[in-house]
Amino acid sequence: MIAPHGPRKKLVGRILSEKEGKKRREEAHSFDKITLSGFALSELDNIACGLYSPLTGFMTEESYRSVIEEMCLPDGTIWPIPIVLPIEKGLASNLRIGEPVALYGADGQIYGIMWVEEIFQRDVNTEARAVFGTTSPRHPGVKHIVDGPKWLLGGEIQLVARVPVPIAEARFDPLETRAMFEQRDWSTVVAFQTRNPIHRAHEYLQKSALEIVDGLFVNPLIGMTKPGDIPAAVRMDCYRVMMENYFPSDRVILGTFPAPMRYAGPREAVFHAICRKNYGCTHIIIGRDHAGVGDYYGTYAAQEIFDRFTPEELGITPLKFEHAFYCKRCGQMATRKTCPHGKDEHVFLSGTKVRELLRKGKSLPGEFTRPEVAQILKNSM
């Protein structure tokens, strides 16, 4: 099976046992307390379960700068996205280097312990330009860091309780997915990342990839997304009905990806690939405008960024697909590589157009999505 990301080639495990967690929770009553946002809580859990291997905590300034400027950790390991813990200035001034702090959720529950290694300032403009390619606050990823606290806390963590997630029954840690792939005797597994409901173009890409690998891991993102995106529960219902009716059950696994959406385009595509490598996937589908938003990135920029890395550096293979559509003349799904006909013969609906049709109570065309999915989406409006 493919090794996890990083030079140690081992999954990080920072989740304490029930007994150890209870002891830490009792000790934590005397620690300084930090209440984390939902975004930061999900990052905490993802570090602890090994999804963000080789990270063992929130980044220090050296790692933060290295990721922004070089797209790698200080040891040279490819890593494209800062994983940081923002805190307010007033709180930062009261913390002590080398001391543990207790990490709480807005629900008043303690979820983790962190050893404060560094307190430093976020370089908002430099980070925005490097990660998102823009400093415009209209970009949802830029807006998130502009609106948030400007001080960052770096240090290793331990998890004393799992962070709740939507659709918990479909959350599988990397240790679990690797066991599932091994049980099914899958030596090659392709991951599919999405934040949108499944449609015929998605289905076409997934089944095309499934022709050349042993198994498919459909891994919808259920973390924080921007306003207007379809809710995670609705998206999962769409995927479940597709798995039941249109995919071979012995060759597909459906599991959630509990990370927030950053809309960082090319850099986030690499980040998504690394996380799926930690799950045990050998390939990942990278389609049109992967992790993009608006017109901030080129149509295939998220594919082109992978050309910067050697196979050894990244360790997971991107499957680069053209934009897919239904061609009325061909009578099937196709891409510009396989279809000679003009755009007037193609059926493609943007997310905006889909939401507009649904709000008006109109049906989605069968060439765009399966009827079962169309009904779920219609009922959700």
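Before I start: helices (H or I, at least four residues) and strands (E, at least two) are DSSP runs here, numbered from the N terminus. I'm working from a predicted model.

**Entry 1: backbone oddities**

I went through the backbone for anything unusual. Most residues other than glycine have a negative phi, and most peptide bonds are trans. I noted one exception of each kind.

The peptide bond between Ser53 and Pro54 is cis, with omega at about 15 degrees. I placed Pro54 in the loop that runs between α2 and β2 (57-58).

Ile167 is not a glycine, yet I read a positive phi of about 55 degrees for it. Ile167 also turned out to be a loop residue, between β7 (151-159) and α7 (174-183).

**Entry 2: the largest pocket**

Next I looked up the pockets. I have the volume of the largest pocket down as about 1100 Å³. Which residues lie nearest its centre? I wrote down Arg195, Asn196, His199, His202 and Arg288, out of 42 residues in the lining.

I then checked which helices and strands feed that lining. β8 (189-194), α8 (200-210), β11 (283-286) and α13 (351-359) each give at least two residues. With 4 residues, α13 gives the most.

Sorting the lining of the largest pocket by class, I got 19 nonpolar, 16 polar and 7 charged residues.

**Entry 3: the second largest pocket**

For the second largest pocket I noted a volume of about 640 Å³. Its lining has 37 residues, and Ser37, Phe39, His144, Ile145 and Met224 lie nearest the centre.

β1 (32-35), α2 (38-48), β3 (85-87), α5 (124-132) and α6 (140-147) each put at least two residues into this lining. Which helix has the largest share? It's α6, with 5 residues. The class split for the second pocket is 21 nonpolar, 8 polar and 8 charged.

**Entry 4: α5 against α6**

Since α5 and α6 both help line the second largest pocket, I looked at how the two helices pack. Their axes come within 10 Å and cross at roughly 160 degrees. Angles over 145 degrees count as roughly antiparallel, so that is what I call α5 relative to α6. The crossing of α5 past α6 is right-handed.

From α5, the contact uses Val124, Glu127, Ala128 and Phe132, and from α6 it uses Gly141, Val142, Ile145 and Val146. By class I get 6 nonpolar, 1 polar and 1 charged for this contact. Ile145 had already come up in my notes, among the residues nearest the centre of the second largest pocket.

**Entry 5: α8 against α9**

α8 was on my list from the largest pocket, so I asked how α8 sits against α9 (residues 232-246). The axes of α8 and α9 come within 13 Å and cross at roughly 55 degrees. The two helices are therefore oblique to each other. I logged this crossing as right-handed too.

On the α8 side, His202, Glu203, Gln206 and Lys207 meet Tyr239, Met242 and Tyr246 of α9. That contact divides into 3 nonpolar, 2 polar and 2 charged residues. His202 is one I'd met before, in the group nearest the centre of the largest pocket.

**Entry 6: α9 against α14**

I followed α9 on to α14 (residues 371-380). The two helices pack at about 160 degrees with their axes 9 Å apart. That angle makes α9 roughly antiparallel to α14. α9 passes α14 in a right-handed crossing.

I listed the α9 side as Val234, Asp237, Cys238, Val241, Met242, Asn245 and Tyr246, and the α14 side as Pro371, Glu372, Val373, Ile376, Leu377 and Ser380. By class this contact comes to 9 nonpolar, 2 polar and 2 charged. Met242 and Tyr246 of α9 also contact α8.

**Entry 7: a cavity**

Last job: enclosed space. How many cavities of 30 Å³ or more does a search of the whole structure find? I got 1. The largest cavity holds about 50 Å³ of space.

I copied out its lining as His199, Arg200, Ala201, Ala324, Phe325, Tyr326, Met333, Val347, Phe348, Glu367 and Phe368. α8 and β13 (325-327) each supply at least two of these residues. By class, the cavity lining has 8 nonpolar, 1 polar and 2 charged residues. His199 lines the cavity and is also among the residues nearest the centre of the largest pocket.

Definitions and conventions:
Residues numbered from 1 in each chain as written. Predicted model: local features only at pLDDT ≥ 70, side-chain atom pairs only at ≥ 80, totals over all residues. Heavy atoms only, no water. 1 Å grid on protein atoms, 1.4 Å probe; cavity = no way out; pocket = protein on both sides within 12 Å on 5 of 7 lines; lining within 4 Å. Points joined across faces, edges and corners; volume = space filled by probe spheres on them. Nonpolar A, V, L, I, M, F, W, Y, C, P; charged D, E, K, R; others polar. Axes fitted to C-alpha atoms, helices over the stretch in contact; angles between N-to-C directions. Parallel < 35°, antiparallel > 145°, perpendicular 65-115°, else oblique. Left-handed = near helix turned anticlockwise from the far one by under 90°. Contact = heavy atoms within 4.5 Å.
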